[in-house]
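Subject: Structure for you to look at

Hi,

As promised, here is the structure we talked about. Have a look at it first, and then read on for my notes.

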Amino acid sequence: MLSPVQLRAQGAPVVLKFGSFVSPKSITNSVSVPAFIKEVEAASEGALKIEHYPGGTLGSNPATQLKLVEDGVLDVAEVVASYTPGRFKELDMFELPFLFNTTEEASLTAWALYQKKLLSGFDNLVLLGIAEVGPYTLHSRKDVPTLASASGLKIRAGGPIFGDTIKAMGAVPIGGMPAPAIAENISRGVLDATLMDGGNLFNFRITDAAAFHVTNVQLGNIAVMFPINKAKYDSLPPKAKAALDKFGGVWFSKLLASNLDKQVRGTFERLASEPKQKLITWSDADIAALKAKTASIKDPWDKTVNGVNLYQELLQALANVRKGS
């Protein structure tokens, strides 16, 4: 196999394999990633070609996507951070409830922390973009008109902080379950409910099993990252690197997030029109009670360690995003 340098010497573009375990019909794989690829390839002026493999074509297990990148099976992949527990520990903060209103503001906040080198776990990776998907809301096979009605429910938790939030609700967190398995496990009664962003309810067929949707309780976001193997990135010709740098980062993160936010709005509009689905809003009193119950979950980050208070850094980055700076 020719090296990137040898390929360029022959005038051939370097090829990157970009994989995703998610359906090719998802808004990320049908809209955002193709737009990113188009811009990057054009900016590279023939130095780079990106081959897109959605739907698990080169690896369907959501939990192994990062390893596929590190092993060189894929050059870039759609990686859910929580599937590698402890690796990207600062990103757990984004699962905190009642912080973010949209995927876009959470994603740009995460990118700001990455740029400030406040996120660990990226030593052998270069981050091209990040979507802090959410905020997650509650979706159940049983009616949940109030906070009290969630007590005792078995609820899928996609990360450790989601688990703490579920406990604060008086419910039982069920971890270790990839998103594609949620609907089946709700149908079988292994789960009563799940926390999930609105946009993925149809992607993972959750609406087939859960017809009750609490729409006004922001229960945290989860990191979906798009890293490239650092060794591969370092080997690229200058024009290829420059193209990835230009359209990675803020540009790609904002594109991913804005399209995901559109998908969320469209999903809830669709659910509102379907008689078998019920949209629920909890009372202001219930929301205030849950905020009080979850207030201490942030404490491990809201302290100064080695001169840095990560929680305060997050709040400041979020404030900057909301100001547009």
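Before the first finding, one definition: a salt bridge here is a side-chain nitrogen of Lys or Arg within 4 Å of a carboxyl oxygen of Asp or Glu. Please also keep in mind that this is a predicted model.

**Salt bridges**

The structure has 15 salt bridges. One of them is formed by R322 and E105, whose side chains meet at 2.7 Å, N to O. This pair links distant parts of the chain, since R322 sits in helix α11 (residues 310–323) and E105 in helix α4 (residues 103–115), 217 residues apart. Are the two partners buried or exposed? R322 is partly exposed, with a relative accessible area of 45%, whereas E105 counts as buried at 10% relative accessibility.

Another salt bridge pairs D192 with K142, with 3.6 Å between the closest N and O atoms. D192 belongs to the loop between α6 (182–187) and β9 (193–196), and K142 to the loop between β6 (137–140) and β7 (154–156), so this pair ties together parts that are 50 residues apart in sequence. Here too the surroundings of the two residues are worth a look: D192 is buried, at 3% relative accessibility, while K142 is partly exposed, with a relative accessible area of 38%.

D143 and K278 form a salt bridge as well, their side chains meeting at 3.3 Å, N to O. D143 lies in the loop between β6 and β7 and K278 in strand β12 (residues 278–280), so the pair ties together parts that are 135 residues apart in sequence. D143 counts as partly exposed at 34% relative accessibility, and K278 counts as partly exposed at 37%. There is also a network: R141, K142 and D192 are joined by salt bridges that share partners.

**Helix α4 and its neighbours**

Now back to the helix that holds E105. With 13 residues, α4 reaches 18 Å from its first C-alpha to its last, close to the 18 Å expected at 1.5 Å a residue. At its N-terminal end, T102 acts as a cap, with a side-chain oxygen 3.4 Å from the backbone nitrogen of E104. After the helix comes K117, which has a positive phi, near 60°.

How much of α4 is covered? The helix is mostly covered, with 10 of its 13 residues buried. Among the buried ones are E105, T109, W111 and L113. What covers them includes β5 (125–133), α9 (250–272) and α11.

A317 gives a view of α11 against α4. This residue lies in helix α11 and counts as buried, at 9% relative accessibility. A317 and T109 are 208 residues apart in sequence, yet 5.4 Å apart in space, C-alpha to C-alpha. Leaving aside residues up to four places away in sequence, A317 touches T109, A112 and L113.

**Nonpolar cores**

In soluble globular proteins, nonpolar side chains tend to be buried together. In this model, the largest nonpolar core has 70 residues, and those with the most contacts inside it are L138, L244 and W282. Helix α9 gives the most to this core, with 7 residues. If you click on L244, you will find that it touches L16, F36, V40, L48, L128, I228, Y233 and L236, not counting residues up to four places away in sequence. Apart from this core lies another one, of 35 residues, among them F94, L96, A110 and L310.

**Strand β9**

Right after the loop with D192 comes β9 (193–196). Which way do its side chains point? A193 and L195 point one way and T194 and M196 the other, and all are buried.

The strand has two partners to look at. β6 and β9 run antiparallel and are joined by 4 bridges, with T137 having M196 as its bridge partner in β9. β7 pairs with β9 in the parallel sense, over 2 bridges, and R156 stands opposite T194 in β9.

Happy to go through any of this together whenever it suits you.

Best wishes

Notes:
Residues are numbered from 1 along each chain as its sequence is written. This is a predicted model: local features need pLDDT of at least 70, side-chain atom pairs count only at pLDDT 80 or more; totals for chains, interfaces and linings use all residues. Side-chain values use heavy atoms; hydrogens and water are left out. Buried means under 20% relative accessible area, exposed over 50%, partly exposed in between (1.4 Å probe, protein chains only). The expected span of a helix is 1.5 Å times one less than its number of residues. Contact means heavy atoms within 4.5 Å. A polar contact is a pair of N or O atoms within 3.5 Å; within protein, one must be able to donate a hydrogen and the other to accept it, and residues adjacent in sequence count only if both atoms are side-chain atoms. A nonpolar core is a set of buried Ala, Val, Leu, Ile, Met, Phe, Trp, Tyr and Cys residues joined through side-chain atoms within 4.5 Å. Two strands pair if DSSP finds at least two bridges between them.
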